[in-house]
Amino acid sequence: MEGKVESLWEEVRELSLGTTVDRLHSPPTPLQFLRDFVSQNKPCVISNAISHWPALSLWPTPSYLSAALSSSTVSLHLTPDGHADALVPHPSHPSLCFASAHVQPTPFPQALDLIRRPPNHLVAYLQQQNDCFRTEYGELASDCDGHIPWASEALGCLPEAVNLWIGNHLSQTSFHKDHYENLYAVVSGEKHFLLLPPTDVHRMYIKQYPAAQYSYSQEKGEFRLELEEPERYVPWSSVDPCPATGNLKQESLKFPLYFNGPKPFEVTVKAGEVLYLPSMWFHHVSQSPGDDGCTIAVNYWYDMQFDIKYAYFNFLQSLPCRSIDDPTTPESACNEHEKIPTTIMPLPARPQYRNCHLERTAVCYLKMVATLEILGNIFESGVESLMSYGGR
């Protein structure tokens, strides 16, 4: 089975994806976007799609943002090292834990100053996600589009959520996937993406990790990392694609399917460009700030279609795949489907975001069960037909 799955990684690149992310010099028509990218679950970078936005000239000026949002209180995410929603060691737990940031309501001018001039003991990031652009940054609505018109027409709906991201070079996002069609528009600075298609799910070594939460004391200037109570586990990728200097060999031995397999797609999205990130693609994100000391982006989450590709993906995830390069790899790193329904979108640790997606997670689960039942019936019917034919 391992050889078949590994062949799939190569074949999907040879037949469909290629080795680089396509770049379009102008926005596609809705038909072109649907036909060439959405239906093929294939990413692309589009230039000149947001060149009409006032945000491109206004937002890189910190004084403009501070004045426009002078009376706004926003959700500022704080961590000691810029790794939120990521795996970190816990002092009282034998394994890594899934750590969420401390979220602190903060006047926007103060939040922006912490991002542009980071102190030594913390990293600040505006990354609330929970449709935050429309709920916390409404004063900026006229500076950009409320949706991407050609994408909305192609997908047949308006975005379910629009989010604003403001961070610095210290913040990064670990490998994960989303059950959304994502249009990611960079306004200032650059975003650096590592991408893997859904076919490469086994290379992510998804395991369950105990959920933990940072808490920050302003008086002491210290963070505490506490496991959630009651205990909760989050399915998350075990792979760090950018290990510290000197740890690459050790990480390669732990996760050979990732480090010895096809290279991830690397793409840098510059100010004024839009990345189409298809649903269920795994992505790791880092960033480089512009002259203003920030990287600023707006992303649009559109509901994905639970079609035959979703059924195929569910079936692929259900297949065991143990590394043939490293036969000592623990079963828990490759066969997590026996413990958790990994096709379900993991509920993020932030309570407000978890509530927002609770209904969606239930729908994902029901559709997963239905599609696996259909695939099982097809398999059984095929076996019966073959047996009947063989008896003739």
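Helices and strands are taken here as DSSP runs, of at least four residues for a helix and at least two for a strand, and are numbered from the N terminus. On that basis, the secondary structure of this predicted model comes to 12 helices and 18 strands. The chain has 392 residues, of which 51% count as buried. Among the contacts with a separation of 6 or more, 82% join residues that are 24 or more positions apart.

A good place to begin is the open sheet, where 3 strands follow one another in the order 6-3-7 with antiparallel pairing. Its edges are strand 6 (102-107) and strand 7 (123-125), each of which pairs on one side only. From one strand to the next, the twist averages 40 degrees. Strand 3, which spans residues 73-79, meets strand 7 in the antiparallel sense over 3 bridges, and within this pairing L78 stands opposite A124 of strand 7.

Helix 5 (residues 108-116) packs on this sheet and touches strand 3, strand 6 and strand 7. The direction of helix 5 makes about 120 degrees with that of strand 6. Which residues of helix 5 are buried? They are F108, A111, L112 and I115. Because these residues cover an arc of only 95 degrees around the axis, they lie on the same side of helix 5. A general property of helices is helpful here: an α-helix has 3.6 residues a turn, so residues three or four places apart point the same way. The buried residues of helix 5 pack against strand 3, strand 6 and strand 7, and also against helix 4 (62-68) and strand 8 (161-167).

A111 offers a closer view of this packing. This residue of helix 5 has a relative accessible area of 0% and is therefore buried, the cut-off being under 20%. Beyond its neighbours within four places in sequence, A111 is in contact with V74, L76, T106 and L126. The C-alpha atoms of A111 and T73 are separated by 9.0 Å, with their positions 38 residues apart along the chain.

Contacts with helix 5 and the sheet can also be followed from a loop. N168 is found in the loop between strand 8 and strand 9 (173-176). Is N168 buried or exposed? With a relative accessible area of 1%, N168 is buried. Its contacts, leaving aside neighbours within four places in sequence, are with I115, P118, V123, A124, Q287 and G293. Of these, A124 is the residue that stands opposite L78 in the pairing of strand 3 with strand 7, and I115 is one of the buried residues of helix 5.

A second set of pairings centres on strand 5 (residues 96-100). Here 4 of the 5 residues are buried, so strand 5 is largely enclosed by the rest of the structure. Strand 4 (residues 86-89) pairs with strand 5 in the antiparallel sense over 4 bridges, and a hairpin of 6 residues joins the two. Within this pairing, V88 stands opposite C97 of strand 5. Strand 5 also pairs with strand 12 (residues 206-217), in this case in the parallel sense and over 3 bridges. There, S100 stands opposite Q213 of strand 12.

Helix 2 (residues 30-38) likewise has a buried side. Its buried residues are F33, F37 and V38, and they lie on the same side of helix 2 because they cover an arc of only 75 degrees around the axis. They pack against several elements, namely strand 1 (22-24), strand 2 (44-47), helix 7 (149-155), strand 10 (180-188), strand 16 (273-277) and helix 10 (308-317).

Attention now turns to the nonpolar cores. The largest has 54 residues, and W59, Y137, L164 and L183 touch the most other members. Leaving aside neighbours within four places in sequence, W59 is in contact with residues including Y64, L65, F133, L140, C144, L164, V187, I296 and V298. The contacts of W59 also include D143 and D292. Apart from this core lies another, of 21 residues, among them V5, V201, V239 and M304.

Finally, the cysteines deserve a brief word. With a disulfide taken as a pair of cysteine sulfur atoms within 2.5 Å, the count comes to 0. C44 is buried, with a relative accessible area of 0%, whereas C157 is partly exposed, at 25%.

How values were computed
Residues are numbered from 1 along each chain as its sequence is written. This is a predicted model: local features need pLDDT of at least 70, side-chain atom pairs count only at pLDDT 80 or more; totals for chains, interfaces and linings use all residues. Side-chain values use heavy atoms; hydrogens and water are left out. Two strands pair if DSSP finds at least two bridges between them. Axes are lines fitted to C-alpha atoms, for helices over the stretch in contact, and angles run from 0 to 180 degrees between N-to-C directions. Contact means heavy atoms within 4.5 Å. Buried means under 20% relative accessible area, exposed over 50%, partly exposed in between (1.4 Å probe, protein chains only). The arc is that of the directions from the helix axis to the C-beta atoms. A nonpolar core is a set of buried Ala, Val, Leu, Ile, Met, Phe, Trp, Tyr and Cys residues joined through side-chain atoms within 4.5 Å.
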